[in-house]
Every structure is written in C-alpha cells, then in structure tokens.
Amino acid sequence: MHSIFIEDLEVETIVGAYEHERLQPQTLTVNIEIGLVSTQAFNSDKLKDTVDYAAVATLIKEELASTSFKLLERLAEHLCERIEARFEISHIRLRIAKSGIVPGAKRVGVSLSRDVGTAGTIRAS
C-alpha cells in the first residue's frame with residue numbers, strides 16, 4: 001500500500017457543540033493519510049502522477065476557513081467527502097484533535113478511516 005501523509009497540520013476554525021466553544025476560532029490538529037491509486041510517481045518523479053500533499057493541505061485550510069460545524073465527526077466527514085471528490089485515491093485515514101476541552105486530557109478528537117476506490121475526479125498537477 002502506497003500513501004502520502006500530512007502530520008500535525010494546525011488549522012483554525014469555529015467548531016464546537018457548546019456556545020462558548022463557538023465564540024472564537026480553535027486550533028485543530030489534523031493528521032491524514034491518503035492512499036495512492038497509482039505507484040507511477042515512484043518511478044516517474046512527476047507531481048502529476050501522485051496526490052500533491054500541498055494541494056490537500058490547502059483544501060483542508062480553505063474548507064476549515066469557510067465552514068463551521070458543531071461536531072468534529074461531521075467536520076471529518078465533510079473533509080473526507082471533499083478530498084475524495086477532488087483527488088483520485090484508494091483510501092483515507094483522517095484524525096482531527098482539539099486541545100483544552102476535557103480537563104486532564106491533552107487532546108480529544110475523532111478519527112475516520114475508509115477505503116474509497118477511485119471516486120475522485122482530479123489529480124493535483
């Protein structure tokens with residue numbers, strides 16, 4: 001299995017089930033692994049033959065800047081849907097965490113993992 005990953009991407013957004021959580025943006029930590037449909041980039045050395053992790057990071061940042069959710073679960077599903085629609089991928093594993101929510105816990109969060117086939121339509125260039 002071949003994949004790309006982004007680790008500890010910090011992004012600010014409005015998220016939270018409680019009103020006090022939604023008063024100002026919170027910093028979320030995003031970790032994502034995306035399965036590659038093709039291994040061609042390992043030989044071609046061409047960005048067009050893979051999923052561009054900079055484009056994935058940009059998509060995540062843009063989505064979190066323009067949307068607001070009450071639950072991390074819905075936010076994670078939304079991001080997966082957008083990534084699957086934009087890129088040709090075989091699987092996605094997404095983990096989103098936020099700090100300072102549960103006393104005594106460093107972080108709380110949600111993880112989502114699924115095989116998606118080749119549902120995407122665009123490859124990063």
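1. In this predicted model, helix α2 lies across strands β1 (3-15) and β2, and its direction runs at about 15 degrees to that of β1. Helix α3 also packs on the sheet, where it touches β1, β2, β3, β4 and β5. The direction of α3 makes about 150 degrees with that of β4.

2. The sheet beneath these contacts is open and consists of 5 strands in the order β3-β1-β2-β4-β5, with mixed pairing. Its edges are formed by β3 (68-69) and β5 (107-115), each of which pairs on one side only.

3. Strands β2 (residues 26-36) and β4 (residues 89-99) run antiparallel and are joined by 8 bridges. Two residue pairs may serve to fix the register for the reader: Val-30 has Ile-96 of β4 as its bridge partner, and Ile-34 is partnered by Ile-92 in β4.

4. On the other pairing of β4, that with β5, the sense is again antiparallel, and 9 bridges are found. Within β5, Asp-115 is the residue that stands opposite His-91.

5. Thr-29 merits a separate entry. This residue belongs to strand β2. Its relative accessible area is 11%, which is under the 20% limit, and Thr-29 therefore counts as buried. When neighbours within four places in sequence are left aside, the contacts of Thr-29 are Asp-8, Leu-9 and Glu-10, together with Arg-95, Ile-96 and Ala-97. Ile-96, listed among these contacts, is also the bridge partner of Val-30.

6. The two helices pack against each other as well. Helix α2 (residues 53-66) and helix α3 (residues 72-86) meet at an angle of about 135 degrees, and their axes are 11 Å apart. An angle over 145 degrees would count as roughly antiparallel, and 65 to 115 as roughly perpendicular; the pair is therefore classed as oblique. The crossing of α2 and α3 is right-handed.

7. As to the residues that make this helix contact, α2 contributes Val-56, Leu-59, Ile-60, Glu-63 and Leu-64. From α3 come Leu-75, His-78, Leu-79, Arg-82, Ile-83 and Arg-86. Sorted by class, the contact of α2 with α3 comprises 7 nonpolar, 1 polar and 3 charged residues.

How values were computed
Residues numbered from 1 in each chain as written. Predicted model: local features only at pLDDT ≥ 70, side-chain atom pairs only at ≥ 80, totals over all residues. Heavy atoms only, no water. Axes fitted to C-alpha atoms, helices over the stretch in contact; angles between N-to-C directions. Helix = DSSP H or I, 4+ residues; strand = E, 2+ residues; numbered from the N terminus. Parallel < 35°, antiparallel > 145°, perpendicular 65-115°, else oblique. Left-handed = near helix turned anticlockwise from the far one by under 90°. Contact = heavy atoms within 4.5 Å. Nonpolar A, V, L, I, M, F, W, Y, C, P; charged D, E, K, R; others polar. Pairing = 2+ DSSP bridges. Buried < 20%, exposed > 50% of the residue type's maximum accessible area, 1.4 Å probe, protein only.
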